[in-house]
Amino acid sequence: MIDKVRIWFRYVYLKFSRGSVLALGRIQMTENIFMILMAVVIGVVAGFGSVGVKYLIEFISDVAFPGTGSLLERVQATPWYWLLLIPALGGLFVGPFAHFVVPASKGHGVTEVIQSILQKGGIIKPIVAIGKSITSAVTIGTGGSVGYEGPIVQIGASIGSSVGQFFRVPTRRLKTLVGCGAAAGIAATFNMPIAGALFAIEVIMMDYAAYQLFPIIISSVIATVISRHYIGDFAEFQTSPFIFTSDYEVVNFFVLGIICGLISYLMIKSLYYFEEFFSEKVKVPDYMKPAIGGLMIGAMGIFYPHIIGVGNDAIFLTLSNNLFWMSALILIFLKILSTSITLGSGGSGGMLSPALFVGAMTGYAFSEGMNFIDPNATFNSGTYAFIAMGGLIAGTVRAPLTAILMVFELTRQSSAILPLMIVVAISMILSTKLSRESVYTLKLIMNKIQLKAFGEHSILKSIPTSEVYSKKFISIPEDTNFQEIIDVLLSNINSCVSVTTKKGVFMGIISINILKDIILDSGHLRDVVIAGDIADKSVPKVDINSNCYEVMELCRKHDIDGLPVIDNITKIQIGMIWLKDINNFMQIEMDKVEHTSDLAYKISQINKEHDIAFMPGYVIAEIHVPHLFVGRTIKGLKVRGEYGVDIISIKSETPKGISIKALPNPDYILKSTDSMIVAGEAEKVNILKSIS
């Protein structure tokens, strides 16, 4: 019975999906208009979804910790034995539900969205939105020490993916729609449309392409409008303006940036340590582990209730200067520990809010410490708290622009932009130095999943040096004098020349960088220095069998714009390969992939009743082979010359089903069972149809 219901729903879904696609096809809207329409739809749905999840979390929280006042006040009033049990009971529900009912709802949320873009072309099952809503609401509502932005990102991304799948968009567009959903979720949750859009671009998409940017911005704005209507338009955190006490205070922010970088690294390592700990060391069924984690959170919450839930109430205490500095110092490490336990044991939640919490405690404790060291200092600890929030976001998430704008939109304070930029930059530099990957991407690397940046690398690895290198290069003998070297370099459009021995064997490279330190002293060196003396003999050499990825890595490592291409047998230079040529060639290859994907999508949407417009006045259509064409070759028909259209593929019926021949052989003989996929001006395609 269940299978029949599932099949019926699947049939109805496909029926409506195909009908909607055909209806949009008749309108023949441009790609930009289509993507804007989709962005608006996703913004509306994700906006309502985010508001609904936030209300659901508050409802469960009110049930779990009844009473009046803020969550922190209600938790403090809860008897210790209930505080111990409530997070465990939440885990007792989340574990089996996530394990048996919706396994896709496991995880932090953001990492899974990035993985879906990298490995599945942006496909996320619609059930994820429902499952994630329930697991995250129960985890956070019962005291899990995580944030609601991670699950809401996954929920929004699931909505974006579902809308894209319903309208059968190609992979490139589907990924953009996933980004639209993620941006809408973040924007609606925190009331920050700018940071929401940047979060999707920097963290989820890892790409600043314009065609992705505009739909994401639109979704973010639409979701924010809906959120403001129901929740209100106000800053998430209220704080006083920042005022410099002296010019020397800048030193404090460099130090604070270093501290934020170190704590960001600790936060990343702690999370993955506890994930491994619960996975390898805790020998109980996976669905029971969230209950164990909840019990540990409850035990810590008895002594420090500030760690229970998202922790916004504790952040308010730092921003209003109402927390003891020693408590703030302890809460830094307790929050890192409690968040790591919640997520490591299998709870559902995000990392942004814990990073904001830890940042607030770090900045507050640091400022209070500086005031203690210098009794005459008057540093505002509340402003240091929200500045350090940006440092922790940048250090853990590795999204500097998002970090700066997120703190700005959360507090609506522009007075601290300068110190915020310093702390964000230093924190990210140090954290990246200690751990190459962010809190989201480390898990992907551990699972041997290549990031999007490496997608370009895969293209580079497929391009051999032989296809890109230039046989034209300038070389000079090793005994060339200094003045001649200068003349050659200044007259050369490239930034370096090759140096060869008297036998013509490659010796090294002379670049502008090598000359810049001694060129001012050329009068003394003109008659002394020769090319062989100053040539860089350590420059790497490549052969025509190398790939462009290897060349690019060597160029970056040695800070050089090009490398010599050497014949392996004779050791004689046969050319140069330049970074600019590699980048140009790679862009061409990426454009080919993109255009091929779009064309494949358009072809897949064709049927005999409806044509697909791929540019104004031009269509792609499927036409059954006319009787006059049967038995003749494509070359013999001269379709392009006679009818002004191109045959781009042939559909043939075979005993095994439909076979599609992309770019068919000109000598292919057309059969009566074949169909032609043709492209051309709409009027000429219709003429060809009329002879069928």
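Helices (H or I, at least four residues) and strands (E, at least two) are DSSP runs, numbered from the N terminus. The exercises below concern a predicted model, in which local features need pLDDT of at least 70, side-chain atom pairs count only at pLDDT 80 or more, and totals for chains, interfaces and linings use all residues. Residues are numbered from 1 along each chain as its sequence is written, and side-chain values use heavy atoms, with hydrogens and water left out.

**Exercise 1. The chain as a whole**

Task: State how many helices and strands the protein chain has, and what share of its residues is buried.

Solution.
Step 1. The protein chain holds 29 helices and 10 strands.
Step 2. A residue is buried under 20% relative accessible area, exposed over 50%, and partly exposed in between (1.4 Å probe, protein chains only). Of the 692 residues in the protein chain, 51% are buried.
Step 3. Contact means heavy atoms within 4.5 Å. Among contacts in the protein chain between residues at least 6 apart in sequence, 75% join residues at least 24 apart.

**Exercise 2. Two loop residues in contact**

Task: Locate Ser438 and Arg398, and decide whether each is buried or exposed.

Solution.
Step 1. Ser438 is placed in the loop between helix H18 (417-434) and helix H19 (441-446). Its relative accessibility is 4%, so Ser438 counts as buried.
Step 2. Leaving aside neighbours within four places in sequence, the contacts of Ser438 are Ile268, Thr396, Val397 and Arg398.
Step 3. Arg398 itself belongs to the loop between H16 and helix H17 (400-411). With a relative accessible area of 13%, Arg398 is buried.
Step 4. The phi of Arg398 is near 65 degrees, a positive value in a residue other than glycine.

**Exercise 3. A positive phi at Asn191**

Task: Describe the backbone angle phi of Asn191 and the surroundings of this residue.

Solution.
Step 1. Asn191 is not a glycine, although its phi is positive, at about 60 degrees.
Step 2. The residue is found in the loop between helix H8 (171-190) and helix H9 (193-205).
Step 3. Asn191 has a relative accessible area of 6% and is therefore buried.

**Exercise 4. The nonpolar cores**

Task: Name the residues with the most contacts inside the largest nonpolar core, and list what Ile387 touches.

Solution.
Step 1. A nonpolar core is a set of buried Ala, Val, Leu, Ile, Met, Phe, Trp, Tyr and Cys residues joined through side-chain atoms within 4.5 Å. In soluble globular proteins, nonpolar side chains tend to be buried together.
Step 2. The largest such core has 122 residues, and Phe199, Val203, Ile204, Ile387 and Tyr440 have the most contacts inside it.
Step 3. Not counting residues up to four places away in sequence, Ile387 touches Phe242, Phe253, Leu256, Ala416, Pro419, Leu420 and Val423.
Step 4. There is also a second, separate core of 24 residues, which includes Val468, Val542, Val551 and Met586.

**Exercise 5. Residues of helices H16 and H18**

Task: Give the contacts of Thr383 and Ile426.

Solution.
Step 1. Thr383 lies in helix H16 (residues 381-397), and at 1% relative accessibility it counts as buried.
Step 2. Apart from residues up to four places away in sequence, Thr383 touches Ser240, Pro241 and Phe242.
Step 3. Ile426 is placed in helix H18. With the same sequence limit of four places, Ile426 touches Phe254, Gly257 and Ile258.
Step 4. The C-alpha atoms of Ile426 and Gly391 are separated by 8.0 Å, while the two residues are 35 apart along the chain.

**Exercise 6. Strand pairing**

Task: Determine the order of the 3 strands in the open sheet, and the sense in which S7 and S10 run.

Solution.
Step 1. Two strands pair if DSSP finds at least two bridges between them. The open sheet has the order S1-S2-S3, with mixed pairing.
Step 2. Strand S1 (475-477) and strand S3 (506-511) stand at the edges with a single partner strand each, so one side of each has no neighbour in the sheet.
Step 3. S1 pairs with strand S2 (residues 496-500) in the parallel sense over 3 bridges; Pro477 has Thr500 in S2 as its bridge partner.
Step 4. Strand S7 (residues 618-624) and S10 run antiparallel and are joined by 7 bridges, with Val619 opposite Gly680 in S10.
Step 5. In strand S10 (residues 675-681), 6 of the 7 residues are buried, so the strand is largely enclosed by the rest of the structure.
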